[in-house]
Amino acid sequence: MANEVVVSGKVPRDKYRSYLYDEADTIQWRHGGPPIYDDVNKLFEDGRTKEWPKGSLEETVQNAIKSWEMELSHKTRLQDFKTINPEKFKLFVNGREGLSAEETLSIGSYNALLKNSLPEELKYYKADDETFESSHEAFRSAFPRGFAWEVIKVYSGAPEIGFKFRHWGFFEGPFKGHAPTGNIVQFYGLGTLKVDNTMKVEEVEIYYDPAQLMGDLLSAGSHTDKKKDTSATSRGCPFSK
């Protein structure tokens with residue numbers, strides 16, 4: 001997740017994300033220009049648990065996924081994507097029905113990852129009520145230094161790459177009425193990338209426990225909860241109980 005964008009002019013090439021500044025003037029950027037990842041890159045470098053050798057399979061997979069996330073978050077037209085095959089692309093999360101490239105771009109990565117089939121009264125995050133913009137703004141607010149991502153292990157190479165990952169940030173801003181705690185919020189997961197012979201992604205499968213993310217964000221209770229009953233314990237995420 002980037003922390004700011006540049007509308008015009010030259011910016012340094014990002015170390016971890018390909019295609020960020022290639023043909024930047026012809027790409028339709030969501031916020032008017034390519035993003036700058038300085039803050040989240042520092043968070044990543046300070047907090048990563050693995051530092052992969054340059055050119056290794058692990059580094060290649062890690063950077064490929066960072067590049068895909070950059071395109072998904074900051075480009076508005078599939079024709080500008082260089083990391084995926086738009087005609088074949090599908091995103092599967094926790095065994096749910098796959099989302100097409102168009103669907104994933106429309107709702108955004110957070111909504112795609114946090115969709116769930118819980119009863120309405122138990123939904124810790126209502127993806128259907130969120131837009132691309134509102135979901136990104138909620139997490140940008142919660143993680144002002146960004147939300148870093150690293151590959152922990154790669155189990156297999158192309159054409160079907162299996163990997164384990166870690167996602168983390170510091171809860172230093174409000175999240176939907178929940179006060180920041182300053183604590184680290186992180187979760188782990190497993191994934192696969194199915195790629196074609198040009199290394200463009202055709203399918204992504206992600207498996208993770210949303211409670212690892214949402215439990216920490218909701219654990220402090222909302223400002224409204226505190227006003228209603230200052231002695232009440234936090235409700236937290238239903239999956240964390």
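A contact here means heavy atoms within 4.5 Å. The exercises below use a predicted model, in which local features need pLDDT of at least 70, side-chain atom pairs count only at pLDDT 80 or more, and totals for chains, interfaces and linings use all residues. Residues are numbered from 1 along each chain as its sequence is written, and side-chain values use heavy atoms, with hydrogens and water left out.

**Exercise 1. Describe the surroundings of E202 and of K194.**

Step 1. E202 belongs to strand β8; strands (E, at least two residues) and helices (H or I, at least four) are DSSP runs numbered from the N terminus.

Step 2. The relative accessible area of E202 is 10%, so E202 is buried. Buried means under 20% relative accessible area, exposed over 50%, and partly exposed in between, with a 1.4 Å probe and protein chains only.

Step 3. Outside its neighbours within four places in sequence, E202 touches N85, K88, F89, K90, K194, V195 and D196.

Step 4. K194, one of these contacts of E202, lies in strand β7. K194 has 34% relative accessibility and therefore counts as partly exposed.

Step 5. With neighbours within four places in sequence left aside, the contacts of K194 are P159, E160, K200, V201, E202 and E203. K194 and E205 are 11 residues apart in sequence, and their C-alpha atoms are 8.7 Å apart.

**Exercise 2. State how confident the model is and how the chain is organised overall.**

Step 1. The mean pLDDT, the predictor's confidence in each residue from 0 to 100, is 87 for the protein, and 84% of the residues reach 70 or more.

Step 2. Over residues 223-241 pLDDT stays under 50, and the model has 24 contacts beyond four places in sequence for this stretch.

Step 3. The protein has seven helices and eight strands. Of its 241 residues, 47% count as buried.

Step 4. Among contacts with a separation of 6 or more, 64% join residues 24 or more positions apart.

**Exercise 3. Which residues touch the most other members of the largest nonpolar core?**

Step 1. A nonpolar core is a set of buried Ala, Val, Leu, Ile, Met, Phe, Trp, Tyr and Cys residues joined through side-chain atoms within 4.5 Å.

Step 2. The largest core has 45 residues, and those touching the most other members are F139, F143, F163, F175, L213, M214 and L217. A second, separate core has 10 residues, including I27, W29, L43 and W168.

**Exercise 4. Classify the aromatic pairs of W149.**

Step 1. Rings of Phe, Tyr and Trp (its six-membered ring) pair if their centres lie within 6.5 Å; planes under 30 degrees apart count as stacked, over 60 as edge-to-face and the rest as tilted. The structure holds 13 aromatic pairs.

Step 2. The ring centres of W149 and F163 are 6.2 Å apart with the planes at 70°, so this pair is edge-to-face. W149 is in strand β5 and F163 in strand β6 (residues 160-170), so the pair ties together parts 14 residues apart in sequence.

Step 3. Both partners are buried: W149 has a relative accessible area of 12%, and F163 has 2%.

Step 4. W149 and F165 form a stacked pair, at 5.7 Å centre to centre and 20° between the planes. This pair links W149 in strand β5 to F165 in strand β6, 16 residues apart. F165 is buried, with a relative accessible area of 2%.

Step 5. W149, F163 and F165 are among the members of one aromatic cluster, which also contains F143, F147, F187 and Y208.

**Exercise 5. Locate K153 and find the charges over rings.**

Step 1. K153 is in strand β5 (residues 148-156) and, at 43% relative accessibility, counts as partly exposed.

Step 2. Beyond four places in sequence, K153 contacts W52, G162, F163 and K164. K153 and R166 are 13 residues apart in sequence, with C-alpha atoms 9.9 Å apart.

Step 3. The charged end of R166 sits over the ring of W168, 3.9 Å from its centre. A charge sits over a ring if NZ of Lys or CZ of Arg is within 6 Å of the ring centre and within 35 degrees of the ring normal. K66 lies over the face of F44, at 4.0 Å from the ring centre.

**Exercise 6. Why is helix α6 described as largely enclosed?**

Step 1. Seven of the nine residues of α6 (residues 210-218) are buried, so the rest of the structure largely encloses this helix.

Step 2. The buried residues are P210, A211, L213, M214, G215, L217 and L218. Their cover includes α4 (109-114), α5 (132-142), β7 (184-195) and β8 (201-208).
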